[in-house]
Amino acid sequence: MRLKTSDSLIGVAFITPAATLFLLLVAYPLFQSILISFSAINTMTLKGHYVGLANYLDILQDQEFWRTLVNTLIWTAGSLVLQVLLGVGFALLLHRAFPGRALARSLVLFPYLLSTAVAVLVWRWLFNDLYGILNYGLVHIGLIERPIAWLSRMPEAMISVILVGAWKFFPFVVIALLARLQTIPLQLYEAARIDGASAVARFWDITLPQLSGVLAVVVLLRSIWDFKEFDLVYLMTGGGPGIGTQTLPILVYREAFPQLHLGKGAAIAVVMLLVMLVFMLLYLRQSARGDER
Amino acid sequence: MSGRRALRLRRRLLRVAADLTTWALVLAVAFPLFWMLGTSLKPSAETFALPPTLIPAHVTFEHFRTLLFETPFPTYFLNSVIVATGTTLLVIVVSLLGAYSVVRFRYRGRRLAAQMVLFTYLLPAVVLLLPLYLILASLGLVNSLLGLILAYTTFAMPFSLWLLRSFILAMPIDLEEAAMVDGASRVEAFLDVVVPQALPGIISAALFSFILSWNEYLYALVFNRQDHTKTLPPGVITMLQQNTNTEWSLLMAASVMMAVPVIVAFVFLQRHLTSGFGAGAVKG
């Protein structure tokens with residue numbers, strides 16, 4: 001808008017509070033965390049000194065770091081795949097007209113808005129080895145002989161975390177896909193039906209290609225968010241058994257707080273950010289393209 | 001003739017079967033939620049009964065009473081209300097001004113500002129965790145609700161800015177111009193024309209900010225270690241870890257209470273749910 005050029009001062013005034021908070025609470029901390037990563041600092045006393053690249057070299061030679069990175073990738077990929085499969089399936093089911101659809105949609109979407117702490121409490125109760133209904137049900141129908149300690153054995157612990165992650169986060173995929181499904185022109189389906197295409201063929205030839213754009217964005221966003229997920233994994237298993245389900249955010253927390261190595265924690269966080277930057281830049285580019293359209 | 005009727009009947013049966021399958025799957029997904037509610041209403045003895053009762057045989061509110069009168073839960077709840085409300089108010093005012101500025105004014109760095117907003121939105125909390133801890137410590141804001149509010153602006157502000165930006169982008173400029181031709185100042189036009197028009201966007205940004213802050217765990221865990229400044233998520237987890245004999249019915253009652261504000265927000269949000277998608281709906 002070009003009503004008056006002089007009022008660009010008002011524009012600057014309006015952005016100032018947001019910009020100040022951004023500089024103070026995001027830009028400066030980000031810069032500082034790079035500085036911290038070059039130092040050895042005790043988290044309690046906050047005393048320390050410059051050590052150059054020592055923290056980074058330390059990480060790269062640390063078996064635990066690599067194991068944790070692999071765990072993070074397993075968790076991210078496993079949970080993401082399930083989220084997409086469940087998301088596509090439920091989006092198609094909930095897109096159809098059926099009695100009570102509004103309520104059904106609310107029930108499916110709700111876990112996404114629920115606090116992760118609550119979701120984990122409920123699931124730890126379901127997974128409980130002595131009184132959990134999951135073990136009871138599985139024993140009852142004869143799938144397992146005796147109750148399993150889901151969260152303190154490998155690979156059960158990783159599988160449990162992935163399942164709960166899928167349950168908690170797949171509604172995001174549903175929300176995104178439902179919005180897109182509404183905009184697919186019905187004529188496409190009518191034409192296909194006249195041509196005698198089966199329901200399966202219509203899904204592969206019409207629905208899926210139409211959804212592919214949103215799906216790409218959703219996969220990008222969810223892989224960023226799953227990769228950095230702390231709450232769900234930490235609260236389910238605390239990273240255990242041993243470091244079996246420890247992911248990078250948990251390692252950052254552990255180094256910096258229980259172990260008081262603030263500098264090493266910061267270095268791991270920086271490495272984590274570098275890995276994520278690839279995905280973040282892809283998403284930024286994608287959304288900038290969407291903006292121009 | 002009868003062949004056509006049989007075909008119609010077959011179609012109808014298929015449809016009913018599909019409807020039933022859908023509902024069965026939906027209920028399976030929602031089962032943990034029902035189980036949470038059921039457990040919170042059962043007497044303690046029934047909680048550990050085998051076989052488990054799907055629907056409580058006896059309904060009791062004793063766990064809610066215990067929670068409210070014999071645990072620090074009310075303190076955590078109040079702290080969460082203060083932090084989530086404070087974050088929401090701060091973030092909405094700042095983001096509304098910022099979003100309006102980014103959309104309606106031309107100045108250098110405007111595009112960069114928009115990109116920075118999105119970048120910040122994707123930034124992992126754990127990267128900001130350590131330096132924010134240092135900053136809050138140096139300001140004496142560790143173990144304070146204000147400190148947590150400041151920390152929460154790092155995710156609530158970019159989210160609200162992005163959501164409100166797309167809202168204002170979609171608003172026609174004519175009304176503002178007409179108001180200004182009639183002699184209103186820029187600020188008056190903003191307050192009298194833009195704010196009322198952006199109200200649906202403001203409401204959904206506010207509800208999302210509230211939910212994000214209400215649910216946040218990591219910053220709350222690290223920054224507020226003392227009981228009187230703890231918020232609900234770390235507070236309730238402490239309750240889980242403190243007792244050797246976990247009182248699941250008490251924890252489920254706490255979970256239900258934590259979910260109530262989210263349910264209320266969700267009811268208001270439903271129609272706006274997809275509008276939040278521009279900014280990725282809710283942070284994962």
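**Close-up views of a predicted model**

**View 1. A helical stretch at residues 248-269 of chain B.** Here the chain is 100% helix and 0% strand, and the C-alpha atoms at the two ends sit 31 Å apart. This is a predicted model, so keep that in mind for every view. Now slide over to residues 20-38 of chain B: again we get 100% helix and 0% strand, with 23 Å between the end C-alpha atoms. Both stretches carry the label "transmembrane region" in an unreviewed UniProt entry, which also places that feature at residues 76-100, 112-139 and 145-168 of chain B.

**View 2. Helix α11 of chain A, mostly under cover.** This helix runs over residues 248-256, and eight of its nine residues are buried. Among the buried ones are Leu248(A), Pro249(A), Ile250(A) and Tyr253(A), along with Glu255(A).

**View 3. A nonpolar patch on the surface.** Leu130(A) and Tyr131(A) team up with Phe48(B) and Leu50(B) to make a patch of about 380 Å². Look for Leu130(A) in the loop that links α5 (116-127) to α6 (133-140) of chain A. Leu130(A) counts as exposed because its relative accessible area is 61%, and the cut-off for exposed is over 50%.

**View 4. Inside the largest nonpolar core.** This core has 196 residues, and the ones touching the most other members are Met236(A), Leu129(B), Tyr219(B) and Phe223(B). The biggest giver is helix α7 of chain B (residues 145-169), which puts in 16 residues. Both domain 1 (2-60) and domain 2 (65-279) of chain B supply at least three residues each to the core.

Notes. Residues are numbered from 1 along each chain as its sequence is written. Chains are lettered from A and ligands numbered from 1 in the order in which they are written. This is a predicted model: local features need pLDDT of at least 70, side-chain atom pairs count only at pLDDT 80 or more; totals for chains, interfaces and linings use all residues. Side-chain values use heavy atoms; hydrogens and water are left out. UniProt positions are given in the numbering used here, feature names are shortened, and annotations may be inferred rather than shown by experiment. Helices (H or I, at least four residues) and strands (E, at least two) are DSSP runs, numbered from the N terminus. Buried means under 20% relative accessible area, exposed over 50%, partly exposed in between (1.4 Å probe, protein chains only). Patches are made of residues with over 30% relative accessible area and no salt bridge: like charges are joined within 9 Å, nonpolar side chains (Val, Leu, Ile, Met, Phe, Trp, Tyr) within 5 Å. Accessible areas come from the Shrake-Rupley method with a 1.4 Å probe; for residues, only the protein chains shown count as cover. A salt bridge is a side-chain nitrogen of Lys or Arg within 4 Å of a carboxyl oxygen of Asp or Glu. A nonpolar core is a set of buried Ala, Val, Leu, Ile, Met, Phe, Trp, Tyr and Cys residues joined through side-chain atoms within 4.5 Å. Domain bounds come from an automatic or database domain assignment.
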